[in-house]
Amino acid sequence: MTKAIVAGGGIAGTATALALHRIGWDVSLFEARGEDADERGAFLTVAVNGIAALRTLGINPDVALAGGYPTPTCVLRNGAGRELARAPLGGPTDDGLVTTTIRRADLYLALRTAVRDAGIPIHYGRRVTGVTHDADLLVGADGINSQVRRELDDARPRYLGLLNAGGFTSEPVAADVDPTPGLMHMTFGRRCFFGWSVAPDGSVWWFANPPSRTPHHGSSDGWREHLIDLLSVDEGPAAAIVRATPDALGPWNTYDLPRVRTWRSDNVVLVGDAAHAASPSSGQGASMAFEDAVVLGEALASSASVPAGLAAYEEIRRPRVQKVVQAGRRNGSGKAAGPVGAAVRDFMMPPMMRLLYRNGHPQAWILDHRV
Ligand SMILES: Cc1cc2nc3c(=O)[nH]c(=O)nc-3n(C[C@H](O)[C@H](O)[C@H](O)COP(=O)(O)OP(=O)(O)OC[C@H]3O[C@@H](n4cnc5c(N)ncnc54)[C@H](O)[C@@H]3O)c2cc1C
């Protein structure tokens, strides 16, 4: 039986382990951290293209995403509270899928449960430190700072000039909060981008992207008060939502990986963020990881050898993921606009969005894609 070792038990690693198991390989998963889930980003949005890929892997989205809720629409506003645009985020599609927001911990748990139920061993607290020859294939699914990638390529993550914070609150918010469940509100605040939505249980899930020239290192003391201060100059409930959140999570620095030249050797391959991390502003990192897993499994199943399968995987995936990484960087750059950029954005965005959406969704190439 062909044997694979997967480094990383995050989104790409669990999905790839399942994809290889489905084609009859003997798979083991090694996760550097303990069994506790990673909290980076607090929650994330899995887009319809990613949910479709999940289904192709044999995972029932209704079960895997049960802890989340549909977020099919987003309203964009400026700091003065003026609505700039209303944009679909994906679904409901003809195949019954809706872009869904879920706590990171719940998604990890669902994926790891699917891996365990398939009989694939997960070794927690085991860090892969280099290329091993104990298997026919080593999959580097070890995230944006991938150790496996270092054996293939010298690409380094690029800091995007934005920090990220997030949280959840069920406390009363001392401001008007639109109670529509799943409507994603995003505000280009004067000093900080802010997003929030109301979950079906009435709690508010939020994230904030304060611009920062340099990455944040060190203590997060005073971080919540700093956010409240940044958000208090804007109309809307942002500052009140953070005030009602006892434990604001973060800050995390945001990065992407513009281009990794080498994704593979004859018996090593990169998937997910290890190969092509997109800015969190793309909302596509998880979905790209699911798509990678499907394509890698199918490429290996239909190729005469492992190296040929890896080549086919890269040929299919590289053009698409690079376009997504570029689109993510563009999305993020608008979040840190200065006063002039903000004025241009506020003036241009409403007619631009009308024009862009006249012939369908401008991101249909991302959302309607089925691997
Ligand atoms: C703040 C933030 C918000 C985001 N929001 C969204 C969103 O809304 N939608 C979306 O689609 N994406 C979002 N993303 C991106 C998304 O989280 C990533 O694209 C996705 O997690 C990539 O999955 P991955 O498995 O490749 O990497 P990860 O999820 O990072 O998993 C890598 C795993 O490998 C483990 N590991 C690391 N090194 C080793 C080693 N040497 N040996 C063994 N294990 C190792 C790590 O512990 C980790 O569990 C966001 C990211 C951030 C930072």
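The following dialogue explains how to read several features of a predicted model.

Reader: How many helices and strands are there in the protein chain?

Author: The chain, as predicted, holds twelve helices and 15 strands. Its radius of gyration is 20 Å, close to the 21 Å that the globule rule gives for 371 residues, so the chain is as compact as a globular protein of that length. Along the principal axes, the C-alpha trace spans about 60 × 45 × 40 Å.

Reader: What share of the residues counts as buried, and what share of the contacts joins residues at least 24 apart?

Author: Of the 371 residues, 47% count as buried. Among contacts between residues at least 6 apart in sequence, 74% join residues at least 24 apart.

Reader: Which residues have the most contacts inside the largest nonpolar core?

Author: They are Val6, Ala15, Val269, Val271 and Ala293, in a core of 101 residues. Helix H9 gives the most to this core, namely ten residues. Another core lies apart from it and has five residues, among them Leu84, Leu89, Met184 and Met186.

Reader: What does Val269 touch, not counting residues up to four places away in sequence?

Author: Val269 touches Leu137, Val139, Gly140, Trp263, Arg264, Leu296, Leu310 and Tyr313.

Reader: Which residues come nearest to the ligand, and which elements each supply at least two residues of the shell around it?

Author: The ligand has 35 residues around it, of which Gly8, Gly10, Gly41, Gly272 and Gly285 come nearest. At least two residues of the shell come from each of helix H1 (11-22), strand S2 (26-31), strand S3 (43-46), helix H8 (273-276) and helix H9 (285-301). H9 gives the most to the shell, with four residues. Sorted by class, the shell has 14 nonpolar, 14 polar and seven charged residues.

Reader: How should the pairing of strands be read, and what order do S3, S4 and S7 have in their sheet?

Author: A general idea comes first. In a regular strand the side chains alternate between the two faces of the sheet. In this structure, an open sheet of three strands has the order S3-S7-S4, with antiparallel pairing. Its edge strands are S3 and S4, each of which pairs on one side only. S3 is joined to strand S7 (residues 100-103) by four bridges. In that pairing Leu44 stands opposite Ile102, and Phe43 stands opposite Arg103. Strand S4 (residues 69-70) pairs with S7 over two bridges, with Tyr69 opposite Thr101.

Reader: How many residues of helix H2 are buried?

Author: The general idea for an α-helix is its periodicity. An α-helix has 3.6 residues a turn, so residues three or four places apart point the same way. In the case of H2 (residues 48-56), seven of the nine residues are buried, so the helix is largely enclosed by the rest of the structure. The buried residues are Val48, Asn49, Gly50, Ile51, Ala52, Ala53 and Leu54. What covers them includes S3, helix H3 (61-64), S7, H9 and helix H12 (364-367).

Reader: Which phi does Gly58 take just after H2, and which peptide bonds are cis?

Author: The usual values provide the background. Most residues other than glycine have a negative phi, and most peptide bonds are trans. Just after H2, Gly58 takes a positive phi of about 90°. The peptide bond from Gly91 to Pro92 is cis, with omega near -5°. Pro92 is found in the loop between strand S6 (83-88) and S7. Another cis peptide bond joins Gly250 and Pro251, with omega about 0°. Pro251 has its place in strand S14 (residues 249-256).

Reader: Is Val340 buried or exposed, and where is its place?

Author: A residue counts as exposed if 12 or fewer other C-beta atoms lie within 10 Å of its own. Val340 has 8 other C-beta atoms within 10 Å, so Val340 is exposed. Its place is in helix H11 (residues 339-358). Between Val340 and Val63 there are 46 Å in space, C-alpha to C-alpha, and the two are 277 residues apart in sequence.

Notes. Residues numbered from 1 in each chain as written. Predicted model: local features only at pLDDT ≥ 70, side-chain atom pairs only at ≥ 80, totals over all residues. Near = placed C-beta within 6 Å. Nonpolar A, V, L, I, M, F, W, Y, C, P; charged D, E, K, R; others polar. Core = buried A, V, L, I, M, F, W, Y, C linked by C-beta atoms within 7 Å. Buried ≥ 20, exposed ≤ 12 C-beta atoms within 10 Å, placed from the backbone. Contact = placed C-beta atoms within 7 Å. Rg over C-alpha atoms; globule rule 2.2 N^0.38 Å. Pairing = 2+ DSSP bridges.
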